[in-house]
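Open the model in your viewer and keep the selection panel handy. We will go stop by stop, with something to select at each one.

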Amino acid sequence: MAILANNQTRVLVQGLTGKTGSFHSEISLKMGTKIVAGAGPGKGGQMHLGVPLFETVEEALRRAGPIDASLIYVPAPFAYEAMAEAIDSGISLIVVITEGIAIMDMVKVKKLLADKPITLIGPNCPGLLVPGETRLGIIPETITPAGKIGIVSRSGTLTYEAAHQIAMAGLGVSTVVGIGGDPVIGTDFIRILDLFAQDPQTEAVLLIGEIGGPMEEQAARHWNEKLKKSKPLFSLIAGKTAPKGKRMGHAGAIMEGTKDSAQHKAEMLSQYGVSMVSDLTDIGAAIGGAPAAAVPQLKITLARNRMTR
Amino acid sequence: MNLLEHQSKALLRDFGVMTPRSVLIKNAHDLSKIKAHLFPSGYVVKAQVATGGRGKSGGVKLVDTAQEAKEAARAMLGSKLTTYQSGGNAVTIESVLVAEKFDIDHEYYLAILLNRRQGQPTMLLSRFGGMDIEEVAQKNPQALLELPIDPWRGLPSFKLRQSAISLEIPGSWIENFISLASQAAALYQTRELGLLEINPLAQTPQGFVALDAKIGLEENALFRQSANKKIYDKNLNSLGPLEKKARALGVSYVPMSGQIGCLVNGAGLAMATMDLIAGHGQQPANFLDVGGGANPEQLQGAFEILFSDKRLKAVFVNIFGGILRCDLIAQALLAANKKSPLAVPLVARLLGNRVEEARHILSRAKLNNIEIFNDLTTAVRAVCRISAQDNHHGHSRQ
């Protein structure tokens, strides 16, 4: 078990023939990811990497379905259309890797998603990795073995670093989810924490946050009050040295006030009982050193969380 | 990117918002634009700098005559300004705006920004203008009205009318307020801004006037906002040479005040690496993220930025090569070293893709001031030790 996807997940790729889409899909296919179709204007009828291409998502669904997830590599200027098309087709999981999407486009996408049973991960994210099973995105597939730690993060390489340290500590990962570094994203930490809480394979979770926005604090409160700290939660917040008002690489990593600083977030998370990893090099030791007895099997919250979806 | 006040006001005027008449002074020659009796009501002389808190630091002067305005503008031009918001850095005043003074009946606050909690743009309004909005939000949160702006339908007038009543705007000025707020919302949406702030928004005998304004451009929308792109490109010229080079290369670079130059792949890892250096008692000189899929040209340019930074005591490279190849990093380092030789010790932590090849390339080059590690802790300790030693030497020379 893992969250969101597994080795049975049938994947459509929008933007399969582009440079990034092509490069990473080849790696994913080798790993065993079931990429069953590609879609994009002007591509219908062709094959790429042994995968059939269709003109539209609707046609792909009709002729290569069923499809469980759409993975989007479409360049930023065209990404809104691609997302709107995937949402309209009703595919229940959409993962958007594209970086640089205009904020107003994401504001519209959020409105399109409202009240629909669709999970959109990203944009500007590395996607999902279920070690040994499937890979929707660009996370290095050999970085960690399968195991019982769930990782959710706003970042890319920092997440790989964390997964690597977890592997070095003799542990493994159930699912890595990169939710993206933009100010408006499809899925927040809370939803992923809910899924990890329900997943029998996951026994502890690492949340990697950064400066900007209110998400980390909201997630910690949710974990404390709604999930009743069901599984141990570890967290690292990047950007303690970041200056105010400067965008640090990610569009969403900008400290605008005092409440979205790394220091404030770390303090709030501590208050909610989250185990803070203060130092990048301590991730493996902190999680590896957590006593196994502190990892309760939790079944009680399962039903209730499913309802909140 | 935040625009200067005069640029922000020009955009507001384009959309019908009233701003004070003004002249922009960029050099001594422009001072002749301040003719006698230009603004009979008086003059406001304002430093044009992209940092807040000018008023409290001598960046804004109120005077009565054109002659006084000229003198104030001449004194400001080219001088340095440090405000409580400029992060300890002095900003050079490159231009000065001389604006007409208004009689103010009341000062309000208006801003449009992205509400990240809700994932949509929101207009913020308050009866208490002229002060920092975080202060208002803290002292008097119920005094802050929040109106969500729908990406398709915008902001309905009736919402603004309701707000006008809550803000206690006098009845005869309500229509004027609604039209100004609608124009501001139209500007924000049409031009896809990141931020629009009018503070104070003054109620004057002549109507509502934007006395000060701050506009931020949304950089991801520049590809389809050609007018914004023009302003953006123009403003790049006022950046420092290293920042300008980074923008041209398409890598994220933010200069800071420390002594260890950093080059990292990925924004989160770059921030965490800076934090790690600070945790070991030293300070990063910059944030530099070459991204997950940097090409050789970007990598070489990024190294050149660091190698030409005279403030550095050491360089730290942290590469987690999941996708990025470490041998490309090594080649880029050597190419940059030819163009602008590395003058300080460099410590690199390289891990992942083709790390052995990278080691071979660097060892063949026989550079004596480079150390390479696999382990992050060891690498950070090494670079911080170098930086600390150098500090010590610097100290003893004094």
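Welcome to a predicted model. Start in chain B by selecting strand E2, residues 43-47: five of its five residues are buried, so the strand is largely enclosed by the rest of the structure. Now show the side chains. B:Tyr43, B:Val45 and B:Ala47 point one way from E2(B), while B:Val44 and B:Lys46 point the other way, and all are buried.

Keep E2(B) on screen and add its two partners. Strand E6, residues 96-100 of chain B, runs antiparallel to E2(B) and is joined to it by five bridges. To find one of the pairings, pick B:Tyr43, whose bridge partner in E6(B) is B:Glu100. Next, select strand E3, residues 60-63 of chain B, which is also antiparallel to E2(B), with four bridges between them. Here you can pick B:Lys46, which has B:Val60 as its bridge partner in E3(B).

Next stop: the nonpolar interior. Which residues have the most contacts inside the largest nonpolar core? Select A:Ile72, A:Val95, A:Leu128, B:Leu288 and B:Ile329; the core they belong to has 158 residues. Then highlight helix H8, residues 267-279 of chain B, which contributes the largest share of this core, eight residues. Apart from this core lies another one of 38 residues, and B:Leu155, B:Ile169, B:Ala184 and B:Ala202 are among them. As background, nonpolar side chains in soluble globular proteins tend to be buried together.

Zoom in on A:Val95 for a closer look. Leaving aside residues up to four places away in sequence, A:Val95 touches A:Ala69, A:Leu71, A:Ile72, A:Ile121, A:Gly122, A:Gly127, A:Leu128, A:Leu136 and A:Gly137.

Now show chain A on its own. You should be able to trace ten helices and 14 strands. The radius of gyration of chain A is 19 Å, close to the 19 Å that the globule rule gives for 309 residues, so the chain is as compact as a globular protein of that length. Along the principal axes, its C-alpha atoms fill a box of roughly 55 × 40 × 35 Å. Colour chain A by burial, and 55% of its 309 residues come up as buried. Of the contacts in chain A with a separation of 6 or more, 71% are between residues 24 or more positions apart.

Give the two domains of chain A separate colours: domain 1 is 1-124 and domain 2 is 143-309. Their C-alpha centres lie 25 Å apart. Where they meet, 17 residues of domain 1 are in contact with 19 residues of domain 2. On the domain 1 side of chain A, helix H4 (103-113) and strand E7 (119-121) each supply at least two residues. H4(A) gives the most to that side, with six residues. By class, the domain 1 side has 13 nonpolar, three polar and one charged residues.

For the last stop, bring chain B back and look at where the chains meet. The contact takes 40 residues from chain B and 46 residues from chain A. On the chain B side, select strand E8 (120-126), strand E13 (252-255), H8, strand E15 (286-289) and helix H12 (376-397), the elements that give two or more residues. Which of these gives the most to the side of chain B that touches chain A? H8(B) does, with twelve residues. Colour that side of chain B by class to see 20 nonpolar, 13 polar and seven charged residues.

How values were computed: Residues numbered from 1 in each chain as written. Chains lettered and ligands numbered in written order. Predicted model: local features only at pLDDT ≥ 70, side-chain atom pairs only at ≥ 80, totals over all residues. Rg over C-alpha atoms; globule rule 2.2 N^0.38 Å. Buried ≥ 20, exposed ≤ 12 C-beta atoms within 10 Å, placed from the backbone. Contact = placed C-beta atoms within 7 Å. Pairing = 2+ DSSP bridges. Core = buried A, V, L, I, M, F, W, Y, C linked by C-beta atoms within 7 Å. Domains from an automatic or database assignment. Nonpolar A, V, L, I, M, F, W, Y, C, P; charged D, E, K, R; others polar.
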